[in-house]
Amino acid sequence: MKVGPDQEAGVREKPMKRTWTIIGVADVARSFNWYQSLFGQPQTSPAHDYFGQILDADGTVLLCLHQWGEHEHPPLTSPDHATPGNGLLLFFRVDDFDEALPRARALVARLEEEPHLNPSTGTQEFALRDPDGYYVMVSALDAVY
């Protein structure tokens with residue numbers, strides 16, 4: 001196999017395409033079950049009591065949940081230093097929007113935003129708060145025309 005100059009320098013042929021969003025939560029298991037319910041996933045348990053990954057069916061990490069105060073990560077020390085979610089919008093595009101809406105309604109007393117068409121994206125969306133107060137926007141994957 002012939003090695004090109006980029007490979008010799010240690011440069012990957014395929015660039016990174018995904019990020020792992022990690023949020024601080026009070027109870028990893030509770031938040032883990034909440035997000036699985038929102039996404040219509042089978043109920044499982046997080047790998048640890050202090051950390052869990054919500055995965056898509058293909059193994060893609062959708063969201064990481066990290067117990068407040070574990071491992072001394074400075075921005076995850078405590079929710080008392082700032083309101084959880086301040087400056088953060090968790091925005092999820094889903095391919096089952098019509099099914100996600102009743103699942104979301106079952107998780108909260110009221111939605112933060114009722115379903116509506118976002119003129120910027122051309123998609124239906126709604127918003128709710130998770131158990132830790134994070135603002136969660138759920139948007140249809142496909143645009144409405």
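**Exercise 1. A strand pair**

How many bridges join strand E2 to strand E3, and do the two run parallel or antiparallel?

Solution. The model is predicted.
- Step 1: Locate the strands; E2 covers residues 51-55 and E3 covers residues 61-67.
- Step 2: Count the bridges between E2 and E3, which come to 5, and read the direction, which is antiparallel.
- Step 3: Look at the end of E2, where Leu55 stands opposite Val61 in E3.
- Step 4: Examine the hairpin, which has 5 residues between the strands; there Gly59 takes a positive phi near 95°.

**Exercise 2. The order of elements**

State how many helices and strands the protein chain contains, and give their pattern along the sequence.

Solution.
- Step 1: The protein chain has 3 helices and 7 strands.
- Step 2: Read along the sequence, these follow α-β-α-β-β-β-α-β-β-β.
- Step 3: For contacts between residues at least 6 apart in sequence, 48% join residues at least 24 apart.

**Exercise 3. The nonpolar core**

Describe the largest nonpolar core and identify the element that gives the largest share of it.

Solution.
- Step 1: Of the 145 residues of the protein chain, 37% count as buried.
- Step 2: The largest nonpolar core has 28 residues, and those with the most contacts inside it are Tyr35, Leu38, Leu65, Phe126, Leu128 and Val136.
- Step 3: Two or more residues of this core come from each of strand E1 (22-25), helix H2 (28-39), E3, strand E4 (90-94), helix H3 (97-107), strand E6 (123-129) and strand E7 (135-140).
- Step 4: H2 supplies the largest share, 6 residues.
- Step 5: Take Tyr35 and set aside its neighbours within four places in sequence; its contacts are then Ile23, Ile54, Leu63, Leu65, Leu90, Phe92, Asp130 and Val136.

**Exercise 4. Aromatic geometry**

Classify the ring pairs Trp34-Tyr35 and Tyr35-Phe39 as stacked, tilted or edge-to-face.

Solution.
- Step 1: The structure holds 5 aromatic pairs.
- Step 2: The ring centres of Trp34 and Tyr35 are 4.8 Å apart and the planes meet at 75°, so this pair is edge-to-face; the cut-off for that class is over 60 degrees.
- Step 3: Trp34 and Tyr35 are buried.
- Step 4: For Tyr35 and Phe39 the centres are 6.2 Å apart and the planes are at 40°, so the pair is tilted.
- Step 5: Tyr35 and Phe39 lie in helix H2, 4 residues apart, which is about one turn of the helix, and both are buried.
- Step 6: One aromatic cluster is formed by Trp34, Tyr35, Phe39 and Phe92.

Terms used:
Residues numbered from 1 in each chain as written. Predicted model: local features only at pLDDT ≥ 70, side-chain atom pairs only at ≥ 80, totals over all residues. Heavy atoms only, no water. Buried < 20%, exposed > 50% of the residue type's maximum accessible area, 1.4 Å probe, protein only. Contact = heavy atoms within 4.5 Å. Pairing = 2+ DSSP bridges. Core = buried A, V, L, I, M, F, W, Y, C linked by side-chain atoms within 4.5 Å. Phe/Tyr/Trp six-rings, centres within 6.5 Å; stacked < 30°, edge-to-face > 60°.
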